[in-house]
Every structure is written in C-alpha cells, then in structure tokens.
Amino acid sequence: MRGGRAGVAVSPADVMAAGLCIGCGSCAAQSDDPEARMDWDRYGQLKPSGGGWLTIPSERFSRTCPFAPAAANEDELAAGQFPSASRIDGQIGRFEKAYVGHVEESSFRADGSSGGLVSWVAAELLERGIVDGVVHVAPTADPQADGRHFRYTISRTVADVRGGAKSRYYPVDLSRALEAIRSTPGRYAVIGIPCFIKAVNLLRAEDPLLRERIAVTLGLVCGHMKSARFVESLAWQMEVGPQAVAAVDFRVKDPERPANWYTAQLVLSGGESRRKDWWHLVDGDWGAGFFQNAACDYCDDVVAETADISFGDAWVEPYSSDGSGTNVVVVRSPALQRLLDDAGQAGRLRLQEVDAAFVRDTQAAGFRQRREGLAYRLAVHGSGLPLRKRVAPRSTGLAARRKLIYRLRRAISRWSHRFFHLARVTRRPGLYLAWARAMLRIYHGLTYSRGRAGRLFDRLLGKQPASGG
Ligand SMILES: Cc1cc2nc3c(=O)[nH]c(=O)nc-3n(C[C@H](O)[C@H](O)[C@H](O)COP(=O)(O)OP(=O)(O)OC[C@H]3O[C@@H](n4cnc5c(N)ncnc54)[C@H](O)[C@@H]3O)c2cc1C
C-alpha cells in the first residue's frame, strides 16, 4: 500500500453516515458477504447495501474507499504511479503533456459528447491489442426492467466501445465490472470520473490481480455526480412520466450551436422523443449543484489526477463556441503520449499542445469550487470523518458574497434531494419545480447579479466580480 494511514478502521456505514459515499461500489466488490451489492437509496443514489457487512469496520476498506480516512490521497497515489513525470502542477497534478483538440477520423467527434477522444483512445487500445476489454458506461437495453438507465459494462469490440460514447451524468457503480475483471483473465482499460479512478488505483495498490489486469485508466474531468432523479426531473419538465423514458441523451450534439449550450433528449417507449435546452430547466445550471452527491463537496480532484490520461471539455473560447466539440487532454503515461503524438502526425487526430494554465482555465469554476470552496466548506462544516485532503480548512480572505455562493450551492445540493423526494412521494412535481425555480433565481442573483435578486445582492453585498460561478 502506498501512502495510506494504518490503524484507522471504518465501515461502509460510517462513510455513508458521514455523507461521503460516492457509490463507486469498490466496497461491494471486495466484500466476502454474498449479500453485498449496490442499491438505490431513496434519493436515487447508489449505495452499498445487503446486510451485516456494511457495519463491520475494516482497515482494508478504510484504505481503499476513495473517501475514507486511511486512503492515500491523489498526490500520494500519483507519486507512486508517475514517479518520473516531467511536469507537476498544483491543480492538474503530475503529467507529461497536455493538449486541446479532437478526433479527425471517422465519426468519433460527431458521436462523442466532446471531441470524441475518449472513445478513440479506448478503441485504439483494443485495436492495438493493448487491452482485451474496455470498462465503460453504456445504456441498458431495457431501463424500466433493469431499474437503471446506464451501467458499467465491458466492451470487447471497437463497435461496442463506440456504441457507448457520450457522457452519462447518472449514478453507476463498478462492483460487477470489478468482479468480472477478477473472474475473466485479460487486460482491461477502465474509464471513470476522478473518484472512481482513484478507487481503482487504491484497489490496484492492494490487489496484485487487479494491478496486473487493469492495464490503463482513462479519467473524465468532473464537475460533480448527479443522482438518478435528474432524469426524472427532465421527464417532468418535458411533461412525460419517468416510466415512459426509454433512452436519455444528456447532451445532443449540434454543430450549429455553441458546445456549452447543452440540450437534453429523452426517447420515449413509443419511439417519440422530447428535447429541452438545459438553460430552460429549473435545475440545468451545472454550477448550482442540483442533485449533486454530497461526497462531491469533499473532492479536490477535478482532472482525475491518478488516471493514465484524462479528458474534459475545452471550456474556453474559441472552443466553447464550436458545437462540434473539443477536448482538453492531460497525459501522464509516456506510452499514451506517444500514441497521441503518432496519431496527430498521421492526421488522425487534431491536437495542439497546451500548458497547465490552459487546462486550468478550461475548468476555472470547477477548481474554484474544489479548492477555495473546499477550504471554506472544511472550515465551516468540517467533514464527518478525518480526510486526507490537499486543501487546508480556511474561511478567511473570502468576500462575503463568495462565502454565500458556496453555502447556497451546498444547500441546493442537499435540499434538491429532499424536495424531489417529497414531490415524488406526494406525486406533486410542482412542489419540487417551484422550489427549484425559486432557488435558481436566488443562485443567479447571487452569482451573476441577475434579476431583482441580483440588484438586491449588489446593494447589500457589493458587486460580484465578472468571473461568476
Ligand atoms: C459526471 C460527469 C461530470 C463531468 N464534468 C465535467 C466537467 O465539469 N468539465 C469537463 O470539462 N468535463 C466534464 N465531464 C467530461 C465530459 O462530459 C466528457 O465526458 C469528456 O470531455 C469526454 O468527451 P469525449 O467526446 O472525448 O468522450 P466520448 O467519446 O463521448 O466517450 C465518453 C466515454 O466515457 C464513458 N462514460 C460516460 N459517462 C461515464 C461515467 N459516468 N462514468 C464512467 N464512464 C463514463 C462512455 O461510456 C464513453 O466510453 C464530465 C463527465 C461526467 C461523466
């Protein structure tokens, strides 16, 4: 084990009670209890379930759960994995090179949520025989029967990898995929958001079989993880019953419109489809934190610092306005860097090298929330368990308005789960929608000085700087 802290034994129930369970499923995959599994909680989040194992403290669990006290942090893991990285940056971690760009060949770019590079790299790993399977997230065949719209799956053909393209802002867990990796020899690539990749690397540090079989990790830059209720809320706002939803596309691509004007699409069981732009949704402002998993409030890894390669959207101009989609990429594995450089030279990819500052700018709001915001949350709210964060608690040096933004986001995240639950059990969607609309107005006033609320906040607290969220 690298960098972990011995002697701190907690149980999955302790992590859940502290609001720190992201639902990755690493604990269920490790448990010997045949009842161990991942199930929905009442707020539409995946949580470990199934009986006695949940309350048994274990040092191994405490070292391998990404939000447990004895788990090595991202700096410690990355130092072990990439000891000779040519660059080290305080926010994007260790890396070799970073790029902005997209896939030129075939329809990867058109099929992907961003520049299509995640699916391209995964397909290339399969084609070159570097891995035998790609562990990623694909739609389920029958969501109503399955109980989930998306699941982790293992794709063994390029066609299946490509069929799973697109971002899923929806809870998924790795438990079955990890069991399948253990039971089926081969080499695998795992795609995941930062805390899932951290969980995989913590497990690899403990388990020689997983270390040998998981050959490559591909990280997705992450703002936060949402609950499954987001899909139900989309259905309510598109005036259909959630049970009628057969397929979800969170980001329909339209090259004619800026990439950051997201449109969600639901395909209904009868084949009909409905669309709505995110900015017409009561909960479509990503920064407000609707349906956010509570553990995300304690994360300080925006760019999947422990992945061999990470991908995000290039949220800076001129790329944000280019509806075809553009990735920002951080490469930590020298072998993957050569693979990208070769494909760039062959004209299969269009890549331009960028520096750490460019990558940071593409995720400026995410870094504010995970650095300055995390320091503030740690100082004001603490954390239910002692965590190994790279950020020290701090509540000084922040404008009153900034502090209020961090508090409001946290309140919106927490109360969105509760209000939605109430609206769901009473079958009165209007309860949630009216609450969310009011919260959004307050959030926009506070954060962007918009509307009457904005004028009021400006008078009381002084003007908000243009950077907003
Ligand atoms: C919850 C979440 C939050 C994100 N937040 C940000 C952000 O704040 N800023 C930013 O720049 N980018 C963010 N991203 C990443 C972004 O949405 C794109 O996934 C990324 O830019 C890759 O685009 P692509 O076109 O290269 O990938 P594609 O070619 O579309 O391929 C995406 C691949 O990722 C897999 N995948 C999709 N969803 C998941 C998931 N939930 N877990 C594991 N694998 C998955 C798919 O199966 C597919 O293999 C987020 C992604 C997720 C899932």
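In the predicted model, strand 13 (residues 309–313) and strand 14 (residues 327–331) run antiparallel and are joined by five bridges. Within this pairing, Asp313 stands opposite Asn327 of strand 14, and Gly312 faces Val328 of that strand. Strand 14 is also paired with strand 5, again in the antiparallel sense and over five bridges, and here the bridge partner of Tyr99 is Val329 of strand 14. Strand 5 in turn pairs with strand 15 over six bridges, in the antiparallel sense, where Tyr99 is placed opposite Glu353 of strand 15. Tyr99 can thus be followed across the sheet, with Val329 of strand 14 as a bridge partner and with Glu353 opposite in strand 15.

These pairings belong to an open sheet of eight strands, arranged in the order 7-6-8-9-13-14-5-15, in which the pairing is mixed. Its edges are formed by strand 7 (150–155) and strand 15 (349–354), each of which pairs on one side only. From one strand to the next, the twist of this sheet averages 25 degrees. Helix 13 (residues 334–345) packs on the sheet and touches strand 5 (97–103), strand 13, strand 14 and strand 15, and the direction of helix 13 makes about 120 degrees with that of strand 15.

The strands in this part of the sheet were also examined for burial. Strand 14 is mostly covered, with five of its five residues buried, and strand 5 is likewise mostly covered, with six of its seven residues buried. In a regular strand the side chains alternate between the two faces of the sheet. For strand 14 both faces are covered, since Asn327, Val329 and Val331 on one side, and Val328 and Val330 on the other, are all buried. Two of the residues named in the pairings above therefore recur here on opposite sides of strand 14, namely Asn327 and Val328, of which Asn327 is opposite Asp313 and Val328 is opposite Gly312.

Elsewhere in the same sheet, Tyr188 is found in strand 8. Tyr188 counts as buried because 24 C-beta neighbours lie inside 10 Å, the threshold for burial being 20 or more. When neighbours within four places in sequence are left aside, Tyr188 is in contact with Val131, Asp132, Gly133, Val135, Ile181, Arg213, Ile214 and Ala215. For one of these residues, Val135, the C-alpha atom is separated from that of Tyr188 by 7.0 Å, although the two residues are 53 residues apart along the chain.

The surroundings of the ligand draw on several of the elements already described. The ligand is surrounded by 35 residues, of which the closest are Gly112, Ser114, Ser119, Gly223 and Gly312. By class, the shell around the ligand comprises 16 nonpolar, 16 polar and three charged residues. At least two residues of this shell are supplied by each of helix 6 (117–127), strand 6 (133–139), strand 8 (188–192) and strand 13, and helix 6 gives the most, with four residues. Gly312, listed among the closest residues to the ligand, is the residue that stands opposite Val328 in strand 14.

A further open sheet consists of three strands in the order 10-11-12, with antiparallel pairing. Strand 10 (245–249) and strand 12 (273–277) stand at the edges of this sheet, each with a single partner strand, so that one side of each is left without a neighbour in the sheet. The twist of this sheet averages 20 degrees from one strand to the next. Strand 11 (residues 263–268) pairs with strand 12 in the antiparallel sense over five bridges, and in this pairing Val267 stands opposite Ser273 of strand 12.

With regard to domain organisation, the domain assignment of the protein gives domain 1 (12–64) and domain 2 (74–226 + 289–365). The centres of the two domains, taken over C-alpha atoms, are separated by 24 Å. Contact between them involves 17 residues of domain 1 and 17 residues of domain 2. On the side of domain 1 that touches domain 2, helix 2 (26–30), strand 1 (37–40) and helix 3 (59–64) each supply at least two residues. By class, this side of domain 1 has eight nonpolar, six polar and three charged residues.

Terms used
Residues are numbered from 1 along each chain as its sequence is written. This is a predicted model: local features need pLDDT of at least 70, side-chain atom pairs count only at pLDDT 80 or more; totals for chains, interfaces and linings use all residues. Two strands pair if DSSP finds at least two bridges between them. Axes are lines fitted to C-alpha atoms, for helices over the stretch in contact, and angles run from 0 to 180 degrees between N-to-C directions. Two residues are in contact if their C-beta atoms, placed from the backbone, lie within 7 Å. A residue is near a molecule or strand if its C-beta atom, placed from the backbone, lies within 6 Å of it. Ala, Val, Leu, Ile, Met, Phe, Trp, Tyr, Cys and Pro count as nonpolar, Asp, Glu, Lys and Arg as charged, and the others, Gly among them, as polar. Domain bounds come from an automatic or database domain assignment. A residue is buried if 20 or more other C-beta atoms lie within 10 Å of its own, exposed if 12 or fewer, and partly exposed in between; C-beta atoms are placed from the backbone.
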